[in-house]
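Student: Got a minute to go through a structure with me? I'd like the overall picture, then some single residues.

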Amino acid sequence: VTVSNKPSDLASSCSFLQYSAVDSNPLSVYIMHPFWNSVVKVMPRWLAPNLITFTGFMFLVFNFLMLAFYDYHFDASAEGHTHVPSWVWVAAGLFNFLAYTLDGVDGKQARRTNSSTPLGELFDHGLDSWACVFFVATVYSIFGRGESGVGVVTLYYILWVVLFSFILSHWEKYNTGILFLPWGYDISQVTISIIYIVTAVVGVETWYEPIWWNFHYRDLFTFMILGEASRNNSLKHSSIYEAFLPFLSPVLLFLLSTVWVIFSPSDILQQQPRVFYLMVGTAFANLTCKLIVCQMSNTRCQPLSWLLVPMATVVLLAVTGLVTNETLLIYAWTAIVILTHVHYGVSVVILPFTQQKPPVLIMLNTGDYMAMW
């Protein structure tokens, strides 16, 4: 534990307090930011930025839960199944756009009220990393897993593209000190919000028909997700090993979960796709949060997360058939992953706000747990 109250020490170790981000997307620059600037002006100054962040995140969680109730196995949009009610799509579109708006407004509210903090930045980006899985899984219900939809295995790899796209931006900041926001984020958020509303009006049957020849709307959805891109910049870490160190745990998580998918005796991804996506997305968010803490505090990223050790054990038990009830295993492991991630968030973000001590820099570096007050 390193504690410093000296201004000289703080000056040399608090480079993470400077938030540097580049957003060059024309949609964001010319349309959304002016809109967000107007929205933030009507917000009361007493409204905490972190409450705005959390509210936006909960809109996405509510969308996920709402679609889970009406389309748990992602087959409601397929022919011959009971479709999701139209009002659900309207609500999903509104909630998704509200979540997107609040995500763009929270930082502006923080600067407006002079309440910007490193913990606020961590809270914002940490919830963004977790929101990826809720966003992708909810959108999936539009097309589903039927003949006119997208297979659950395909969606699994699409989810990984989204997750790696997200962490790539923070990996760039870890190596360059600047967060480059991908263009695909704003475009996908606005487009999907509109698609939800359109689905409520025309029905999911519209997406059955091809756009042209054998090119379906599901293919357009896939290309839109895969179209997210990042920008390359010079690295501040001279060692290639140090530069790519943050990718070790995410890649291992990908390999472990993919081994489970491929060698599952009961084909667990086909049986419980929603829970499996949630497990993967939550575990990935946990790894991403630790990278965000490292790039904010300018500290070395830990090469391996302890969460992967029990994960490897769970996968081994599943693929070898030592645990015959894979459904029970995935539910139990998902619950553990969620509780672990929530515990990490509370330890790193929530508890510091309860401290009544004067401002002080505290770096806790005990393997996976690294926090700053």
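Tutor: Here are the basics, followed by a few residues. This is a predicted model: local features need pLDDT of at least 70, side-chain atom pairs count only at pLDDT 80 or more, and totals for chains, interfaces and linings use all residues. Residues are numbered from 1 along each chain as its sequence is written, and side-chain values use heavy atoms, with hydrogens and water left out.

Student: How many helices and strands does the chain have?

Tutor: There are 14 helices and seven strands. Both are DSSP runs, numbered from the N terminus: helices are H or I with at least four residues, strands are E with at least two.

Student: And how much of the chain counts as buried?

Tutor: 51% of the 373 residues. Buried means under 20% relative accessible area, exposed means over 50%, and partly exposed is in between (1.4 Å probe, protein chains only).

Student: What about contacts in the chain between residues at least 6 apart in sequence?

Tutor: Of those, 82% join residues at least 24 apart. Contact means heavy atoms within 4.5 Å.

Student: Now Asp106. Where is it, and what is the nearest side chain of opposite charge?

Tutor: Asp106 sits in helix H4. It is buried and has no salt bridge; Arg111, the nearest side chain of opposite charge, is 7.1 Å away. A salt bridge needs a side-chain nitrogen of Lys or Arg within 4 Å of a carboxyl oxygen of Asp or Glu. Lys and Arg count as positive, Asp and Glu as negative; His and the chain ends are not counted.

Student: What is Asp106 in contact with, leaving aside neighbours within four places in sequence?

Tutor: Pro49, Ile52, Thr53 and Asp124.

Student: Switching to the surface. Which residues form the negative patch?

Tutor: Glu79, Glu147, Glu205 and Glu209. Patch residues have over 30% relative accessible area and no salt bridge, and like charges are joined within 9 Å. The place of a charge is taken as CD for Glu.

Student: Where does Glu147 lie, and is it buried or exposed?

Tutor: Glu147 is in the loop between helix H5 (118-143) and helix H6 (152-176). It is exposed, at 78% relative accessible area.

Student: Which backbone angles should I look at?

Tutor: Asn114 has a positive phi, near 55 degrees, and is not a glycine. It lies in the loop between helix H4 (86-112) and H5, and is exposed at 72% relative accessibility. Asp267, also not a glycine, has a positive phi of about 55 degrees.

Student: Where is Asp267, then?

Tutor: In the loop between helix H10 (248-263) and helix H11 (268-271). Asp267 is partly exposed, at 36% relative accessibility.

Conventions: Patch = residues over 30% accessible without salt bridge, like charges linked within 9 Å, V, L, I, M, F, W, Y side chains within 5 Å. Areas by Shrake-Rupley, 256 points an atom, 1.4 Å probe, with all protein chains shown as cover.
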